Amino acid sequence: MKKLLEKDRKKLEPKLDKLFSQYIRLSYSDKKWVCSCISCGVRLHYKNMHNAHYIPRACRMYRRSEDNCRPACPSCNTYREGYHYAQYTIYMINEYWQSKVDQMRLDKNKVYKIPVYELQEKIDYYKDKVTLLEKSKVDGDYKSIQWNE
């Protein structure tokens, strides 16, 4: 494997963002490839959904955090910012408790830069996860996925 350099970051980050987004949307979709918006509950095909971030994606620490991301419809994620954030906050507190949500908010201003070699590792990791999810939904066996972590 070739040694990755800092200049490779510009190619790897968008690739990882795309795979991670696909993974989030697929992992919350049902066997018909449909998932629900975290805010309004509308159900759409996963390809028509966005990968919404509770802590904004500009925060590198949580940009690709599975705890921070859920599917959202384009309307909520793009245009209904106040409503979306309020509903997402309620979900996060119910899912992770207030203390974790508070910690995430405190962490959002911390400086974090993922090493370049780790970007490629994460690309490989999420590529495998997406492939497994796609295969399991086609085969109808999406409940029995065993992750090797």
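This report walks through the confidence, core, main pocket and two unusual backbone angles of a predicted model.

**How far to trust it**

The protein averages a pLDDT of 90, with 92% of the residues scoring at least 70. The stretch to be careful with is 142-149, where pLDDT stays under 50. The model still has 11 contacts beyond four places in sequence for those residues. Where pLDDT is low, the predicted coordinates should not be read in detail.

**The core**

Let's go inside. The largest nonpolar core has 33 residues. Tyrosines feature in the list of those with the most contacts inside it: Tyr 23, Tyr 54, Tyr 88 and Tyr 126 are there, along with Cys 37, Ile 55 and Met 92. Which elements each supply at least two residues of this core? They are α1 (9-27), β4 (69-72), α3 (81-107) and α4 (116-139). Of these, α1 gives the most, with seven residues.

Tyr 126 is a good place to zoom in. Leaving out residues up to four places away in sequence, Tyr 126 touches Leu 16, Leu 19, Phe 20 and Tyr 23. Arg 64 and Glu 66 are also among its contacts, so to speak of Tyr 126 is to speak of charged neighbours too.

**The pocket**

Now for the largest pocket, which has a volume of about 270 Å³. Its lining includes His 53, Tyr 54, Ile 55 and Pro 56, then Asn 77 and Thr 78. Glu 81, His 84, Tyr 85, Tyr 88, Arg 105 and Lys 108 also line the pocket. Two elements, α2 (74-78) and α3, give two or more residues to this lining, and α3 gives the most, with five. By class, the lining has five nonpolar, four polar and three charged residues.

Some names turn up twice: Tyr 54, Ile 55 and Tyr 88 line this pocket and are also listed among the residues with the most contacts inside the core.

**Two tryptophans with positive phi**

Most residues other than glycine have a negative phi. Two tryptophans go the other way, as the table shows.

| Residue | Phi | Place |
|---|---|---|
| Trp 33 | near 75° | loop between α1 and β1 (34-36) |
| Trp 97 | about 80° | helix α3 |

Is the Trp 97 side of this pair buried or exposed? Trp 97 is exposed, with a relative accessible area of 64%. Trp 97 sits in α3, the helix that also gives the most to the lining of the largest pocket.

Note on methods. Residues are numbered from 1 along each chain as its sequence is written. This is a predicted model: local features need pLDDT of at least 70, side-chain atom pairs count only at pLDDT 80 or more; totals for chains, interfaces and linings use all residues. Side-chain values use heavy atoms; hydrogens and water are left out. A nonpolar core is a set of buried Ala, Val, Leu, Ile, Met, Phe, Trp, Tyr and Cys residues joined through side-chain atoms within 4.5 Å. Buried means under 20% relative accessible area, exposed over 50%, partly exposed in between (1.4 Å probe, protein chains only). Helices (H or I, at least four residues) and strands (E, at least two) are DSSP runs, numbered from the N terminus. Contact means heavy atoms within 4.5 Å. On a 1 Å grid over the protein atoms alone, a cavity is a set of points where a 1.4 Å probe fits but cannot get out, and a pocket is an open set with protein on both sides within 12 Å along at least five of seven lines; lining residues have an atom within 4 Å of a point. Grid points are joined across faces, edges and corners, and a volume is the space filled by probe spheres set on the points. pLDDT is the predictor's confidence in each residue, from 0 to 100.
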